[in-house]
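Here's a quick look at the salt bridges in this one. Have the structure open while you read.

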Amino acid sequence: MAPQADFAIAKIGYEIEKFFGRQKSFSNNSNPPATQNLCQYKFYPTYGATTVTKVVHTNVEDLTCNEAASRFIAEKRKDQVQVKVINYVDAGPRKRPVFGPDIYRGINVAKDTLAPGEKIINVMSFGAKPDGKSDCTQAFMDGWQAACKSKVQARLLIPSGRFLVSSMFFSGPCLTPGPITIQVVGTVVATTDISDYVDGEWLMFQKISGLKLIGGGTFDGQGQSSWKYAENCETNPTNQCVRAPSSIYFNQVTDGIIQNIKSKDPKGFHVFVTNSANIRLRLIKLNAPATSPNTDGLHISHSINVKISRSSVETGDDCVSMIQGVSNVTIKRIRCGPGHGISIGSLGKYPDEIEVSGIRVQTCKLVGTTNGLRIKSWPDKYPGAATDINYSDITMENVKNPIIIDQEYECSPNCKKKPSLVKIKNISFRNIRGTTTSPIAVDLKCSKLFPCKNVGLHNINLSLGAKKPTASKCANIKPIYSGSQKPPPCR
């Protein structure tokens, strides 16, 4: 039977990824066995009453795994579903985004004023109902199209009330002469049916140059019912893992601002920034229970020139996590906890990783976190690098593992695997003080094959509980010490 012109989107993106695995490339003739049923994953018992009998892989492109896994088209048939996978993620090298000058440089971005003649486009004008029950997805998309395609300055307004929406794209490029604004005053509420999220994320902002997401409103991910199904892709050493949907997802966004916004109870990450440049995240409040799995606060990959400031993160995973391809990031005046601290990595999990460099973490406070300042890489995997990373003026309160470099990630204790291939150098810990719940307050475990280089500790003052002494532990590293040291230096 010849393919039909009218294709329908099939809700089995997770199964496609589960079957293929992540970041694997396939030739155009690579098909699964005819008997393989891809619709048995826990979120999707069936796709109608059909099974998938054929998968054709075409047009490989470099995309994130969930985005790639879900971009496919299914031809409905009476006896089968034929799926054509498009834009599946290639394992080839990725590049940092191309970007121009920061358009907000020297501008007070905290002040929001209407531009002369700026149109306000209210989602309620397109049928959105603020009752928290009616599906407002189409109204939001119609409103976005009207704002984005406007040739005069425009902003999309989500007024007071609760607006229920499922997964959607806010795609550019837009035609407005200046950055487009989305002003969220009310609460945007996610649907709870996980099968709605075939594109891998909840609210996806992509291919936009100049974007402001502001207004003091809230994004409620309603993730409680999905947390029991969550897979921990971070600790999974394989590439075959399905990450839960992020609430706010920036992909290929330049000159973007998220300001004065709240996020609660996401299904996955609160905010995910990837393939983006010149991004500011400020005055945001992220909240989820300490027991919520894989709910990273701010997750950044393959992005450059990111500034995070004056924000609070209480969540069940890393408050801030940075993985490969991140460069020139400043994190300042963040309160973190509960959570898993501020992390770089894990690194070395995938082939052809781009190094992490130019990270500044300044004047932050961590409270009750399970880790403090952490750099982590996998043993026995792939090369990578982390360099030019500076932590300064950090206060800790009852933090476990305050300072940690772990190049035996998910392999301790007594790791027998081959050493990590990730190179770590030019790291500075300066003026780190407070209390810890760990007898080992400084734990630097580097690669035997590539020992850490030029790692400095200056004025470290970390006490165990009621001013009890702490200790340091070092492997494959010769730290450079200056100023006071508590715990005492490694010997």
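Which side chain meets Arg162 in a salt bridge? The partner is Asp220, at 3.6 Å from N to O. Keep in mind that this is a predicted model. The two residues come from distant parts of the chain: Arg162 sits in strand 7 (residues 162–165) and Asp220 in strand 12 (residues 218–220), 58 residues apart. As for exposure, Arg162 is partly exposed, with a relative accessible area of 36%, while Asp220 is buried at 7%.

That's one bridge out of nine in the structure. Here are three of them side by side:

| Pair | N to O distance | Residues apart |
|---|---|---|
| Arg162 and Asp220 | 3.6 Å | 58 residues |
| Glu201 and Arg243 | 2.6 Å | 42 residues |
| Arg360 and Asp388 | 3.2 Å | 28 residues |

Take Glu201 and Arg243, whose side chains also meet in a salt bridge. This pair links loops: Glu201 is in the one between strand 10 (187–190) and strand 11 (203–214), and Arg243 is in the one between helix 4 (224–227) and strand 13 (248–259). Glu201 counts as buried at 1% relative accessibility, and Arg243 counts as buried too, at 11%.

Then there's Arg360 with Asp388. Arg360 lies in strand 23 (residues 356–362) and Asp388 in strand 26 (residues 384–399), so their bridge ties together parts that are 28 residues apart in sequence. Here Arg360 is partly exposed at 27% relative accessible area, and Asp388 is partly exposed at 31%.

One more thing to look for: Asp112, Glu118 and Arg155 are joined into one network by salt bridges that share partners.

Key. Residues numbered from 1 in each chain as written. Predicted model: local features only at pLDDT ≥ 70, side-chain atom pairs only at ≥ 80, totals over all residues. Heavy atoms only, no water. Salt bridge = Lys/Arg side-chain N within 4 Å of Asp/Glu carboxyl O. Helix = DSSP H or I, 4+ residues; strand = E, 2+ residues; numbered from the N terminus. Buried < 20%, exposed > 50% of the residue type's maximum accessible area, 1.4 Å probe, protein only.
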